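Biologist: I'd like a close look at one part of this model: the empty space inside it. Please tell me what surrounds that space, and then follow the side chains wherever they lead.

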Amino acid sequence: MFPGYRNLHHQGLLAQRAAKALTRLGSCRLCPQSCGVNRKASETGVCSTGRHAMVANAMLHFGEEIPLVGEKGSGTIFFCGCNIGCVFCQNSSISRTTQGCQETPAEDLASIMLDLAAQGAHNINLVTPSHVVPQILEAVNIAASQGLNIPLVYNSGGYDSVETLALLDGVVDIYMPDLKFYDQNVSARLCQAPDYPAVARATVKEMQRQVGDLIITDGIATKGLLVRHLVLPSGLAGTAEWMRFLVSEVSPHVYVNLMDQYYPCAEAEYHPDINRPLHPEEFTLAQEHAERAGISRLHEADAAMLARLIRLFSSSRSKER
């Protein structure tokens, strides 16, 4: 499947989108935090990011969902900074600070994308991109002019502005939001985005409108919506409510990955109800909630495929040494 951004680039529309997005950095309201800072002048708000994107790492990633990883890996770019600020963040070393991160102008970001594609990546996986949409558009336009031709994955925490997502319509091929809290009382206590539930519901509906249900061709995702949901201890993620919402208001064919890897990090120790690992029975209950809601496309890692990918990854690491 031909990535949408190629057509936009050919028509000159991708450059226009990038230019329009960049103007919004002057009084930044790109995400729902609406900080209003002048990022063009290197002022920073909640995301701790100024004019240029800050990159922590870029690699062929074999730990993502099987339809993204395939045999060659997902070309993953980890951006520093975050607009949500979950108290239990497992990546707090790069989400809470940009120390140790590399300021990456558009030309350099485009080069990273092209290098990952040259290594055989099935896609370009943009992790925590909500606050760097203008920089991404700027870089994709450059990379497209130099032949980038693989799908773009927008891997966000779900706290996105619908107005900003509109700039990505036809650019992003695969949206992958991680839906977190359904209850506003919970989000007010566990992150810096008390309005997270309402925003995330609007976010995922807009993403579905743009790309539709996930399309998997020959085992590889090429376009569509893939929803992640991190199951939290004590039912705090609102799994049952999210599953019902997805089926009734997003799509009865939505593809969902329930994630069981929660463990207490960052400031979780100050919150007794999440200061422990997830119990196996809690995850089993989450799976039951999904099935009862009518989730028909529930992601399950194929054990044989996963073992093969681990062997491939281990082999490549051995050769590097």
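Modeller: A bit of vocabulary first: Ala, Val, Leu, Ile, Met, Phe, Trp, Tyr, Cys and Pro count as nonpolar, Asp, Glu, Lys and Arg as charged, and the others, Gly among them, as polar. Also keep in mind that this is a predicted model.

With that sorted, let's start with the closed spaces. A search of the whole structure turns up 2 cavities of 30 Å³ or more. The largest cavity has a volume of about 80 Å³. Its lining is made of 13 residues, and Cys 28, Cys 31, Cys 35, Arg 39 and Cys 47 are the ones nearest its centre. Sort that lining by class and you get 7 nonpolar, 5 polar and 1 charged residues. Arg counts as charged, so Arg 39 has to be that 1 charged residue.

Now the second largest cavity, which holds about 40 Å³ of space. You can read off its lining by name: Phe 88, Leu 179, Lys 180, Leu 230, Leu 232 and Ala 237. That makes 5 nonpolar residues, no polar ones and 1 charged. Lys counts as charged, so the charged residue here is Lys 180.

Hang on to Phe 88 from that list, since Phe 88 also belongs to an aromatic cluster, together with Tyr 159, Phe 181, Tyr 196 and Tyr 262.

Next, the open space. The largest pocket contains about 1000 Å³. Around it sit 43 lining residues, and nearest the centre you'll find Asn 91, Asp 178, Arg 228, Met 259 and Gln 261. Which elements supply at least two residues each to that lining? They are β2 (74–79), α4 (92–95), β9 (220–230), β10 (255–259) and α11 (280–293). The largest share goes to β10, with 3 residues. By class, the pocket lining splits into 19 nonpolar, 17 polar and 7 charged residues.

Follow the chain past β10 and you reach the loop that runs from there to α11, which is where Tyr 263 is found. Tyr 263 has 41% relative accessibility, so it counts as partly exposed. Its C-alpha is 7.9 Å from that of Asn 275, although the two are 12 residues apart in sequence.

While we're on rings, let's follow them further. The count comes to 7 aromatic pairs. One of them is Tyr 154 with Tyr 175: the ring centres are 5.5 Å apart and the planes are at 70 degrees, so this pair is edge-to-face. Tyr 154 sits in strand β5 (residues 152–155) and Tyr 175 in strand β6 (residues 174–175), so the pair ties together parts that are 21 residues apart in sequence. Buried or exposed? Tyr 154 has 2% relative accessibility, so it is buried, and Tyr 175, at 0%, counts as buried as well.

Another edge-to-face pair is Tyr 182 with Trp 242, because their planes are at 90 degrees, with ring centres 5.0 Å apart. Here a loop meets a helix: Tyr 182 is in the loop between β7 (178–179) and α8 (184–190), while Trp 242 is in helix α10 (residues 239–250), so the pair ties together parts 60 residues apart in sequence. Tyr 182 is partly exposed, because its relative accessibility is 24% and buried means under 20%. Trp 242, at 0%, counts as buried. Tyr 182 has another partner too: Arg 201 lies over the face of its ring, 4.7 Å from the ring centre.

Two more side chains round off the tour. Gln 208 belongs to helix α9 (residues 196–211). With a relative accessibility of 13%, Gln 208 counts as buried. Apart from neighbours within four places in sequence, Gln 208 is in contact with Asp 213, Leu 225, Val 250 and Ser 251.

Leu 148 is placed in the loop between α6 (133–145) and β5. At 1% relative accessibility, Leu 148 counts as buried. Setting aside residues up to four places away in sequence, it touches Tyr 5, Arg 6, Met 113, Leu 114, Ala 117, Ile 124 and Ala 143. Take Met 113 from that group: it is 35 residues from Leu 148 along the chain, yet their C-alpha atoms are separated by 7.6 Å.

Terms used
Residues numbered from 1 in each chain as written. Heavy atoms only, no water. 1 Å grid on protein atoms, 1.4 Å probe; cavity = no way out; pocket = protein on both sides within 12 Å on 5 of 7 lines; lining within 4 Å. Points joined across faces, edges and corners; volume = space filled by probe spheres on them. Helix = DSSP H or I, 4+ residues; strand = E, 2+ residues; numbered from the N terminus. Phe/Tyr/Trp six-rings, centres within 6.5 Å; stacked < 30°, edge-to-face > 60°. Buried < 20%, exposed > 50% of the residue type's maximum accessible area, 1.4 Å probe, protein only. Lys NZ or Arg CZ within 6 Å of the ring centre and 35° of its normal. Contact = heavy atoms within 4.5 Å.
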